[in-house]
Amino acid sequence: MKSAVMLMAAGMKTNGYEVVPIVIDPHEQLDEKKNLDLLINDYKDVYDKVVGNTKHSKESLNALEGFFCTQIKRYYEFDGLQNDTSASLADNRTLRDFLDVGRIPANDINSFLVQTILSEANLNNSLSVGFKGNPNVGTIVLGNLIEGQDWWDAFKSKYETGDRVFIISSIFGGTGASGFPLLLNMIKNCDGHPMVQDAFVGAVTVFPYFSLEDPTKSMSDIDSANFMTKTKAALAYYEQNVNPDYLYYVGDSSQKASYDNNESEQKDYAHFIEMVAATALFDFLGNRTRQSRPQYLTRAIENDIEVLDLKSLGKGYTEEVRLIANMKLLNLLIEVLKNERFFPLRKTHGLDSNFYNGDFKSLDKFMNKFNSWYDEISGNKRGFSPLSLPKSTSDDLTQFVKETTLKAKRDHEYLLDMILASKIKSNNSHHILLRYFLDFAYQAINKQTSNIK
Amino acid sequence: MIFLAVLNWFTSKKAYLENAVGSTDDPEEIERRKRLATRFWNSIDTNDVWMVLIMAAITAFFCYVYFIPFNKKPGRHYLPSYCAIFGIGAILLSFAATLLYCSLIVNMDYDTSFVMKVAAINAVYSLLLYLILSFIFCNYSNTNAYRWFKL
């Protein structure tokens, strides 16, 4: 989802669909989950300012053509609420308490069932830290947890014909692996909501693409050596029982990245495979229509090498590379323009120090997160590093995108194109400074990168 | 007329002619000197419109080139240094063009300092005109330059 937000910020289109993200993870204290929530808020903050959807704005505009072109909406906003009032998905009980195992008679068949499918460790784990890579636990618990959630009620009541559902999950963990089939099942068997039952559903499931350090060293319950076995077991189940309209499979044949095996923190760096999984969402929204049978898709790269660029990725990834280049060029322009005291748009469009100390900060905050994301994804294994970032803003920019050449050599060529974009009357039919900034920057950047092939 | 009006801040035609006569007592020499000084003064005086026009053309050209075509090219041409360079260029060229023009209509050796004063005043006019035209370009043109004087 993080990659999806980054791509939307970069201008990936959703065919006009608003995106309503719902993150399902009982591990409420997980930093990654909190950070995703904040990232979505940051995106919304920029988007709302750009379209004039703020308390102070008197204007209400359509989304921009380029950056931040998709509206992300929280489910509770449909009811006019400002905050999530849903109860936490986290359950502080252990699975043993949840199932009330103590009250099952020892010679009852259910007791034997519990002993067969759940280990002592499974039963003693707190549910508030997720399912620790155990889909067998998630399958039992998650349905009950979801049923009581406000977002589930909102989803059922607000879902309309023409809407689409897209489920993003991994197949080798606990929450995602169990949650995807379970959620799909809940949607397809949602009594009293025929539109939900008939929902057009896509999903992407991610195969193992990283490994964890030896669990005996970290005293972790998760052993990545089992990832492939779990994947195969899950696939065997999916084959017969999990059939959304579109199912995308994304994975890496070799698990190149290796992370610390820390269940509570799970500080995993952004990864190319996650970005590929995110692109499935856009493919589903933009290119797919309902077929008579479930469709199964995946993506390939051109060359199996450690660090991917435009050439090794192959032509299918041109758009992703272009958009990420756009975003990094925007970042470069931001660095330049903050200190460009005599940039003409300061006078003509109010992009002055007040602007940089005001609405612009929202964009700056998001860009910092985007930069961290790109650093992670480009430095990870396998690396997605299609850009050759200059050491200084005054450096030659023609080789900004590896394996291709941009026409503009210096930053001032982009600045001039921003000025020229500001002259077009249709770009000036409002008074939102952040919109000016992003709009003009996009037009200047797109002029250079639209030729990337 | 215009220049000499300004020059009158420093000297009048009458004072100039008296100064040109100097200290000689020879009536013929006095007459000759007066005639030379009058001819010199009048030559400048009757041609000052052309000098202003030359100055205005040069200044307007520099101003236009700076604000329109020069700023259509990439290179941070909106920076104040470029604006100053073009302004100085207009001033210097106006000064030089005035000297050149004066050299065509009068014998500059007769009173070089006077001609220099005329050229200097034309240069000052050039600066003023450059500022006025900059104001106009900043407010009413489609320039890509930094609009210093935008209201």
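**Helix α12, the sheet and the contacts of chain A**

Reader: How do you know that the span of helix α12 of chain A agrees with 16 residues?

Author: This is a predicted model. Helix α12 of chain A covers residues 272–287, and at 1.5 Å a residue its 16 residues should span 22 Å. The end C-alpha atoms are 22 Å apart, so the two values agree. The expected span is 1.5 Å times one less than the number of residues.

Reader: What makes α12(A) mostly covered?

Author: A residue is called buried if 20 or more other C-beta atoms lie within 10 Å of its own. In α12(A), 12 of the 16 residues are buried, so the helix is mostly covered. Among them are A:Phe272, A:Ile273, A:Glu274 and A:Phe284.

Reader: Why is the sheet of β1, β2, β4 and β6 in chain A called open?

Author: The four strands of chain A form an open sheet in the order β1-β2-β4-β6, with parallel pairing. Its edge strands are β1 (164–170) and β6 (295–298) of chain A, and each pairs on one side only. From one strand to the next the twist averages 20 degrees.

Reader: How do you know that strands β2 and β4 of chain A pair?

Author: Two strands pair if there are at least two bridges between them. Five bridges join β2 (residues 200–206) to β4 (residues 246–250) in chain A, so these strands count as paired, and they run parallel. Across from A:Val206 stands A:Val250 in β4(A).

Reader: Which helices lie on these strands of chain A, and at what angles?

Author: Helix α8 (residues 175–188) of chain A lies across β1 and β2 of chain A, at about 160 degrees to β1(A). Helix α12(A) packs on the sheet and touches β1, β2 and β4 of chain A. The direction of α12(A) makes about 160 degrees with that of β4(A).

Reader: What makes up the contact between domain 1 and domain 2 of chain A?

Author: The assignment divides chain A into domain 1 (2–307) and domain 2 (317–449). In the contact, 34 residues of domain 1 of chain A meet 31 residues of domain 2 of chain A. On the domain 1 side, α1 (2–10), α2 (31–51) and α12 of chain A each supply at least two residues. The most comes from α2(A), with seven residues. By class, that side has 19 nonpolar, six polar and nine charged residues.

Terms used
Residues are numbered from 1 along each chain as its sequence is written. Chains are lettered from A and ligands numbered from 1 in the order in which they are written. This is a predicted model: local features need pLDDT of at least 70, side-chain atom pairs count only at pLDDT 80 or more; totals for chains, interfaces and linings use all residues. Axes are lines fitted to C-alpha atoms, for helices over the stretch in contact, and angles run from 0 to 180 degrees between N-to-C directions. Two residues are in contact if their C-beta atoms, placed from the backbone, lie within 7 Å. Domain bounds come from an automatic or database domain assignment. Ala, Val, Leu, Ile, Met, Phe, Trp, Tyr, Cys and Pro count as nonpolar, Asp, Glu, Lys and Arg as charged, and the others, Gly among them, as polar.
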